[in-house]
Amino acid sequence: MSRKPVHLAVYDTYADWETGHATAYLARAGYEIRTVGPSREPVTSVGGLRVQPADALDDVRPDDSSLLILPGADLWDTSDRLASFARKAREFLAAGVPVAAICGATAGLAREGLLDDREHTSAVSFYLAATEYKGGSRYVDADAVTDRGLITAGPTEPVAFAREILGLLGVYEGEVLDAWYRLFHDSDVTAYAVLEGAR
């Protein structure tokens, strides 16, 4: 079955460890992972990885994508240079295409007003409150939250973030998704047999 690509946002200072579980298992499931930057000029992650984006943000359309993933980055909190990615997230959600944001990207979405009417989470509630957004009453103290096509998670929850993504796109479901999470989050060796049995 042909699937539309998953678009992974990359920009200077992006947190390269936050999306690895998700992109690895999406790729194993047959999704093409396309990196998308502010332009096609190389960017450098917070871990020092130099990445050449496959696409420029202006060229990415929701109709051509299965999902937009927004990792955290220092730039979300130190400038407005990534605001265009939050606007692109609005475009995706309006078109019915899911968006997944973790860490600082949740603050970018809060500033864009995308968390005002959706259940969501982040690092801590007061981190988002500092953006002066209007969605504080919808904040959920959880490892990751999915609401109407939008996934949010805090910086310490890359495995839960991936769990929500894999579940939303139907890569794993039910007890298999639970086993995947238990294996990678809890090091539960009994979960391995469930995963192997599902292959």
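A salt bridge here is a side-chain nitrogen of Lys or Arg within 4 Å of a carboxyl oxygen of Asp or Glu. This is a predicted model, in which local features need pLDDT of at least 70, side-chain atom pairs count only at pLDDT 80 or more, and totals for chains, interfaces and linings use all residues. Residues are numbered from 1 along each chain as its sequence is written, and side-chain values use heavy atoms, leaving out hydrogens and water.

**Exercise 1.** Find the salt-bridge partner of E112 and say which parts of the chain the pair ties together.

*Solution.* Start with the partner: E112 pairs with R90, and their closest N and O atoms are 2.9 Å apart. Next, place both residues: E112 is in the loop between α4 (104-111) and α5 (125-129), while R90 belongs to helix α3 (residues 83-94), so the bridge ties together parts 22 residues apart in sequence. Helices (H or I, at least four residues) and strands (E, at least two) are DSSP runs, numbered from the N terminus. Finally, check accessibility: E112 is partly exposed at 21%, and R90 is partly exposed at 36%. Buried means under 20% relative accessible area, exposed over 50%, and partly exposed in between (1.4 Å probe, protein chains only).

**Exercise 2.** Is R118, the partner of D117, buried or exposed?

*Solution.* First, the bridge: the closest N and O atoms of D117 and R118 are 3.9 Å apart. Then compare the two: D117 is partly exposed at 40%, whereas R118 is buried at 11%. Now widen the view: shared partners join D117, R118, D147 and R148 into one salt-bridge network.
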